[in-house]
Amino acid sequence: MLVDPQSPARLEQAIARIGSRDGAGHVRLSPSVLRFLSNHAGAAEWEADFNAMIGYAASKGWLDDQGRVRAHLTFREADEVVSESDFKSAMRALPAGISAVTCGSGDEVVGMIVSSLTSISADPPMVGFFAHQNSSIRAKLLESGRFAANVLGEEHRDVISTFLSAPQGPARFATGSWAEGDHQVPVLTDALASMECDIVCTHPLGTHDLIVGKIRKTACSSSNPVVHFNAATHSLVPVQTH
């Protein structure tokens with residue numbers, strides 16, 4: 001297995017998610033995990049070779065009591081990527097919609113503003129977004145197992161301002177027309193779109209968690225959208241075509 005440069009703590013977290021350590025330079029992985037990690041799984045020739053390899057390892061007694069394979073770790077010496085500053089400069093040029101992601105109820109409500117909400121699937125209906133692993137919403141979000149994604153428009157600038165300045169809890173919901181949805185999450189009743197979701201997948205990626213929700217209920221309102229661009233909020237101006 002080829003491993004990119006990363007901190008020892010992050011490496012150990014990654015190993016724990018897919019298997020376990022077996023000495024300094026090896027890990028133990030189930031055949032199903034190896035198949036998942038390969039870019040060639042599903043190809044007939046690759047599958048035949050893979051099954052033959054697993055069979056040979058089993059005949060030599062190289063599998064542990066759980067049927068896991070011992071895989072060698074190869075560490076990449078360098079990982080040439082752009083700097084964090086260059087990354088942020090590039091991302092500022094990417095226009096994106098603005099949404100308030102919320103969860104909890106009563107005095108336990110929490111929420112945050114995101115520009116990463118994205119459509120994932122229509123069947124089943126799913127959306128996803130990214131939350132920083134140090135985000136103040138993260139623990140409550142994962143504990144509750146559900147969230148609402150509220151797409152914001154021009155008339156919600158005060159909602160955005162309050163979410164960005166107020167502490168977590170009811171104070172963050174003091175601005176805007178909020179109500180408890182059918183699935184016990186805060187819903188902005190005049191949002192361009194609100195989507196009440198059950199969390200079906202979380203996956204750590206770098207400094208963030210990808211959080212995917214299956215949509216249980218939607219509601220839509222007529223309004224003008226806003227976008228996040230170059231570290232500011234902008235309205236969209238319709239372009240007349242002839």
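Begin by selecting strands S6, S16 and S17, which form an open sheet in that order with antiparallel pairing. Strands here are DSSP runs of E with at least two residues, helices are runs of H or I with at least four, and both are numbered from the N terminus. Two strands pair if DSSP finds at least two bridges between them. Strand S6 (96-97) and strand S17 (232-235) stand at the edges, and each has a single partner strand, so one side of each is left without a neighbour in the sheet. Next, add strand S16 (residues 226-229), which pairs with S17 in the antiparallel sense over four bridges. Within this pairing, Val 226 has Ser 235 of S17 as its bridge partner.

Before continuing, please note that this is a predicted model, in which local features need pLDDT of at least 70 and side-chain atom pairs count only at pLDDT 80 or more, while totals for chains, interfaces and linings use all residues. Residues are numbered from 1 along each chain as its sequence is written, and side-chain values use heavy atoms, with hydrogens and water left out.

**Strands S7, S11 and S14**

Select S7 and S11 next: these strands run antiparallel and are joined by four bridges. Ser 99 stands opposite Val 151 in S11. Then add S14, which pairs with S11 in the antiparallel sense over six bridges. Here the bridge partner of Ala 149 is Met 195 in S14. Strands of a sheet pair through backbone hydrogen bonds, either parallel or antiparallel.

**The largest nonpolar core**

A nonpolar core is a set of buried Ala, Val, Leu, Ile, Met, Phe, Trp, Tyr and Cys residues joined through side-chain atoms within 4.5 Å. Buried means under 20% relative accessible area, exposed means over 50%, and partly exposed lies in between (1.4 Å probe, protein chains only).

Which residues of the largest nonpolar core touch the most other members? Select Phe 129, Leu 141, Phe 147 and Ile 211, which hold that position among its 17 residues. Strands that each supply at least two residues of this core include S7 (99-103), S8 (110-114), S10 (125-132), S11 (146-151), S14 (193-205) and S15 (208-220). Apart from this core lies another, of 13 residues, among them Val 3, Leu 11, Ile 15 and Val 33. In soluble globular proteins, nonpolar side chains tend to be buried together.

**Aromatic pairs**

Rings of Phe, Tyr and Trp (its six-membered ring) pair if their centres lie within 6.5 Å; planes under 30 degrees apart count as stacked, over 60 as edge-to-face and the rest as tilted. A search of the whole structure finds six such pairs. Select Phe 129 and Phe 147, whose pair is edge-to-face, with 5.1 Å centre to centre and 80° between the planes. The pair links distant parts of the chain, since Phe 129 is in strand S10 and Phe 147 in strand S11, 18 residues apart. Phe 129 counts as buried at 0% relative accessibility, and Phe 147 counts as buried at 0% as well.

Now select Phe 163 and Phe 173, another edge-to-face pair, at 5.2 Å centre to centre and 70° between the planes. Phe 163 lies in helix H6 and Phe 173 in the loop between H6 and strand S12 (178-180), so the pair ties together parts that are 10 residues apart in sequence. Both Phe 163 and Phe 173 are buried. Adding Trp 178 to the selection shows one aromatic cluster of Phe 163, Phe 173 and Trp 178.

**Thr 162**

Remain in helix H6 (residues 157-165) and select Thr 162. Is Thr 162 buried or exposed? Thr 162 counts as buried, because its relative accessibility is 14%. Contact means heavy atoms within 4.5 Å. Not counting residues up to four places away in sequence, Thr 162 touches Ala 171, Arg 172 and Thr 175.

**Leu 73**

Move to the loop between strand S4 (69-72) and strand S5 (74-75), where Leu 73 has its place. Leu 73 is buried, with a relative accessible area of 5%. Leu 73 and Val 3 are 70 residues apart in sequence and 6.8 Å apart in space, C-alpha to C-alpha. Leaving aside neighbours within four places in sequence, the contacts of Leu 73 include Met 1, Val 3, Ile 15 and Arg 21.
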